[in-house]
Amino acid sequence: MNKLLIVGTVAFDAIETPFGKTNKILGGAGTYIGLSAAFFKLQSAIVSVVGDDFPQEYLDLLTERNIDISGIEVVKGGKTFFWSGRYHNDLNSRDTLDTQLNVLADFQPVVPENYKNADVVMLGNLHPLVQSGVLDQLESRPKLVVLDTMNFWMDCALTELLEVIKRVDVITINDEEARQLSGEYSLVKAAAKIHAMGPKYVVIKKGEHGALLFHDKEVFFAPALPLEEVFDPTGAGDTFAGGFTGFITQSENVSFENMKNAIIHGSNLASFCVEKFGTERMIGLDKNEVVARLQEFKSLTHFDIEL
């Protein structure tokens with residue numbers, strides 16, 4: 001089976017939405033990406049760091065899904081990265097209440113030996129120097145390198161971010177971040193400017209309004225599935241990234257046409273993520289549910305028209 005290398009936080013989250021709140025629960029970009037990618041036939045590994053306060057049951061949860069955790073460093077006496085946030089009524093905007101970097105502050109990623117030849121690399125949202133540090137350890141050029149980032153790094157580490165963007169094939173960001181990075185309001189113009197920075201493909205996520213895939217002059221749009229209830233949007237973008245890269249890794253096809261399918265798989269899995277707090281829905285998700293909802297996506301977007 002092909003190998004997917006995932007880089008991202010494995011963390012604690014405390015979340016508050018109009019529908020309720022949690023204490024510390026399992027979170028982190030690397031966690032969401034890994035849980036999502038586990039629905040595909042592949043080998044995967046997560047590179048991250050936690051403190052010794054991180055429960056063994058959470059690590060076991062990852063290994064039960066055949067995720068290699070040898071790249072997750074456990075720092076003795078250290079505390080795991082923690083984020084707390086409160087979502088507004090529209091669930092599209094949120095306030096960060098607390099961020100504790102803890103062991104993440106001094107994180108030096110170490111890629112497991114048997115993943116230095118990974119077929120696909122998913123660089124989750126982390127400091128650009130950490131993302132670059134992972135690429136520096138690879139023995140061969142992956143078939144595809146995907147990078148996720150956010151406006152925080154554009155504000156405080158733009159130079160380093162632009163350097164790592166030069167080295168990737170795909171960048172996934174939301175519409176607000178695409179506008180900030182490019183200085184363009186039009187997403188078509190924004191994608192063209194970002195494309196010129198290095199990536200061959202630009203994925204712009206629009207939350208409940210779907211996702212756009214740009215490649216040269218080609219554009220593909222995937223809608224988001226209309227849901228009766230959206231409970232918690234935390235991790236939806238990372239779940240999307242896990243579905244996207246998981247499908248690409250399984251299919252061994254990095255063409256634009258196949259990325260259209262990958263976008264749908266990512267959107268499909270993200271639609272489950274938002275139905276419960278944190279990772280809860282992804283942990284309990286059944287393969288049959290995934291297939292059934294894929295059929296809903298197909299019905300939503302399929303039509304015949306005479307031209």
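Okay, quick definition before we start: when I say buried I mean under 20% relative accessible area, exposed is over 50%, and partly exposed is whatever falls in between. By that yardstick Asn102, at 30% relative accessibility, counts as partly exposed. Keep in mind that this is a predicted model.

Let's stay with Asn102 for a moment. You'll find Asn102 in the loop between β9 (94-100) and β10 (120-123). What is its phi? About 50°, so a positive value, although Asn102 is not a glycine. For background, most residues other than glycine have a negative phi. There's another residue of this kind on my list: Asp216 also has a positive phi of about 50° and is not a glycine either. Asp216 belongs to the loop between β14 (211-215) and β15 (218-222). Buried or exposed, that Asp216? Exposed, because its relative accessible area is 54% and the cut-off is over 50%.

Right, on to the helices. In α5, which runs over residues 158-165, the buried residues are Leu161, Val164 and Ile165. Looking down the axis of α5, those buried residues fall within an arc of 105°, so they line one face of the helix. And what do they pack against? The partners are α3 (128-136), β11 (144-148), α4 (151-156), β12 (170-174) and α6 (175-182).

One of those partners, α4, is where Met154 sits. Met154 has a relative accessible area of 7%, so it's buried. Leaving out its neighbours within four places in sequence, Met154 is in contact with Thr149, Leu161, Ile173, Glu177, Gln180 and Leu181. You'll recognise Leu161 there, one of the buried residues of α5. If you want a distance to check in your viewer, the C-alpha atoms of Met154 and Phe12 are separated by 24 Å, and the two residues are 142 apart along the chain.

Now the pocket part. I'm talking about the second largest pocket, with about 240 Å³ of space in it. Which residues line that pocket? Here they are: Phe220, Lys260, Asn261, Ile264, His265, Val291, Leu294, Gln295, Phe297, Lys298, Thr301 and His302. Sorted by class, that lining has five nonpolar, five polar and two charged residues. Two helices, α9 (256-273) and α11 (287-301), each supply at least two of the lining residues. The largest share, six residues, comes from α11.

While we're on α9, have a look at Asn268, which is found in that helix. Asn268 comes out at 0% relative accessibility, so it counts as buried. Setting aside its neighbours within four places in sequence, Asn268 is in contact with Val290, Arg293, Leu294 and Phe297. Leu294 and Phe297 should sound familiar, since they're among the residues lining the second largest pocket.

Last thing, cysteines. A disulfide is a covalent bond between the sulfur atoms of two cysteines. How many turn up in a search of the whole structure? Zero disulfides. As for the surroundings of individual cysteines, Cys156 counts as partly exposed, at 49% relative accessibility. Cys273, on the other hand, is buried, with a relative accessible area of 0%.

That's my tour. Pull up the model and we can go through any of these spots together.

How values were computed
Residues are numbered from 1 along each chain as its sequence is written. This is a predicted model: local features need pLDDT of at least 70, side-chain atom pairs count only at pLDDT 80 or more; totals for chains, interfaces and linings use all residues. Side-chain values use heavy atoms; hydrogens and water are left out. On a 1 Å grid over the protein atoms alone, a cavity is a set of points where a 1.4 Å probe fits but cannot get out, and a pocket is an open set with protein on both sides within 12 Å along at least five of seven lines; lining residues have an atom within 4 Å of a point. Grid points are joined across faces, edges and corners, and a volume is the space filled by probe spheres set on the points. Helices (H or I, at least four residues) and strands (E, at least two) are DSSP runs, numbered from the N terminus. Ala, Val, Leu, Ile, Met, Phe, Trp, Tyr, Cys and Pro count as nonpolar, Asp, Glu, Lys and Arg as charged, and the others, Gly among them, as polar. A disulfide is a pair of cysteine sulfur atoms within 2.5 Å. Buried means under 20% relative accessible area, exposed over 50%, partly exposed in between (1.4 Å probe, protein chains only). Contact means heavy atoms within 4.5 Å. The arc is that of the directions from the helix axis to the C-beta atoms.
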